[in-house]
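Grab a pencil and work through these exercises at your own pace. Each one sets a task and then walks through the solution step by step.

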Amino acid sequence: MAKIIQRFSYVMCLLVSILVNIFFFRNMYYEKEKLSWSQRAAEEAEAVAAISCSGNGRVFVDGIVVDGKPICECYSCYGGNDCSLLLPNCPADVEGGDPLFLEPFWMQNAASSAVLVAGWHRMSYFFPNQSYISKELEKNIRKIHAIAKNAVTNGRYIVFGVGSTQLLNAAVHALSMENSSSSSYTTKVVANKIPYYSVRSSQSSTF
C-alpha cells in the first residue's frame, strides 16, 4: 500500500512539473506574440550594442551600414574596423566639450536609462494644451531641482536647448533685453569659473 501511495506521489509531482512548464512556455510565447515591433526593436538594439569596438567607438542602430551590417563609428583619434588603431599626431581639442565621458555611467544603468520610442510617437508639434513642452517632463525637471536644491523653479519658465550654449545664449539675451528696456542701465555680470568654455566669453559680449 505504501509503495502505491509513493508511486502515486511521484506521478502527481511529474504531472504538476509538466503543467508548470507548459504554463511558463505558453506565457513566454504569448508575451513574444504580444510584443511584436517593440520586441524586434529591442532585440536589434541589444544586438548592435553588443558589437565590440575596442572601447574606442560604438555601433548604432541608425549608424553606418556596410554590406548590410552596421559597423563601428570610431571616436576621435581612433580608426580601423574595430577602432583599435590609435591615430598618430592626433590633436587634443581643449576648446570644446564632449559628453562621452558620461558613457560608462549610462552603460552601467542601461536598463533604467533605455528608451524605446515608436516611429509615430508625438508627431504633432503641440501637446494637448497647445504648448511645446510636455507637462510631465516639466514637472519632473522642477522636482529634480527641488531635490538637488540647485535652482529655484517656482514662478520660472522651463526653457529647452541643445546643450548649455543655447541656454546661456537665451539667458544672456534675456538679460540684455531687460537692460535695454530699463530707464536706469544696470550692468549685468556673467561670471565663469576657470577652466571655462571659451565660447562663454564671446557669447556674453555678443548679447
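**Exercise 1. What percentage of the 207 residues in the protein do buried residues make up?**

Before you start, note that this is a predicted model, where local features need pLDDT of at least 70, side-chain atom pairs count only at pLDDT 80 or more, and totals for chains, interfaces and linings use all residues. Residues are numbered from 1 along each chain as its sequence is written, and side-chain values use heavy atoms, with hydrogens and water left out.

Step 1: Get the term straight. Buried means under 20% relative accessible area, exposed means over 50%, and partly exposed is in between (1.4 Å probe, protein chains only).

Step 2: Read off the share. Buried residues account for 12% of the 207 residues.

**Exercise 2. List the elements of the protein in order from the N terminus.**

Step 1: Know what counts. Helices (H or I, at least four residues) and strands (E, at least two) are DSSP runs, numbered from the N terminus.

Step 2: Count them up. The protein has 7 helices and 6 strands.

Step 3: Put them in order. Starting at the N terminus, you get α-α-β-β-β-β-β-β-α-α-α-α-α.

**Exercise 3. Which element has the lowest mean pLDDT, and which the highest?**

Step 1: pLDDT is the predictor's confidence in each residue, from 0 to 100. For the protein the mean is 79, with 76% of residues at 70 or more.

Step 2: Helix H1 (residues 2-34) has the lowest mean, 63, while strand E6 (residues 85-86) has the highest, 95.

Step 3: Keep a caution in mind. Where pLDDT is low, don't read the predicted coordinates in detail.

**Exercise 4. Describe the largest pocket and its lining.**

Step 1: Set up the search. On a 1 Å grid over the protein atoms alone, a cavity is a set of points where a 1.4 Å probe fits but cannot get out, whereas a pocket is an open set with protein on both sides within 12 Å along at least five of seven lines; lining residues have an atom within 4 Å of a point. Grid points are joined across faces, edges and corners, and a volume is the space filled by probe spheres set on the points.

Step 2: The largest pocket holds about 940 Å³ of space. Its lining has 25 residues, and Ala-45, Glu-46, Ala-49, Ala-110 and Ala-114 are the closest to its centre.

Step 3: Helix H2 (37-49), helix H3 (103-108) and helix H4 (110-113) each give two or more residues to this lining. H2 gives the most, with 7 residues.

Step 4: Sort the lining by class. Ala, Val, Leu, Ile, Met, Phe, Trp, Tyr, Cys and Pro count as nonpolar, Asp, Glu, Lys and Arg as charged, and the others, Gly among them, as polar. That gives 19 nonpolar, 1 polar and 5 charged residues.

**Exercise 5. Now do the second largest pocket.**

Step 1: About 430 Å³ of space lies here. There are 14 lining residues, with Arg-156, Tyr-157, Ile-158, Val-159 and Ala-171 nearest the centre of this pocket.

Step 2: Helix H5 (135-148) and helix H6 (164-181) supply at least two lining residues each. H6 has the largest share, 5 residues.

Step 3: By class, you find 11 nonpolar, 2 polar and 1 charged residues in the lining of the second largest pocket.

**Exercise 6. What do you find at the start of H5 and just after it?**

Step 1: Ser-134 sits in the loop between H4 and H5. Is Ser-134 buried or exposed? With a relative accessible area of 17%, Ser-134 is buried.

Step 2: Look for polar contacts (pairs of N or O atoms within 3.5 Å; within protein, one must be able to donate a hydrogen and the other to accept it, and residues adjacent in sequence count only if both atoms are side-chain atoms). A side-chain oxygen of Ser-134 comes to within 3.3 Å of the backbone nitrogen of Glu-136. The Ser-134 side chain also reaches the backbone nitrogen of Leu-137, at 3.2 Å.

Step 3: Just after H5, Lys-149 has a positive phi of about 55 degrees.
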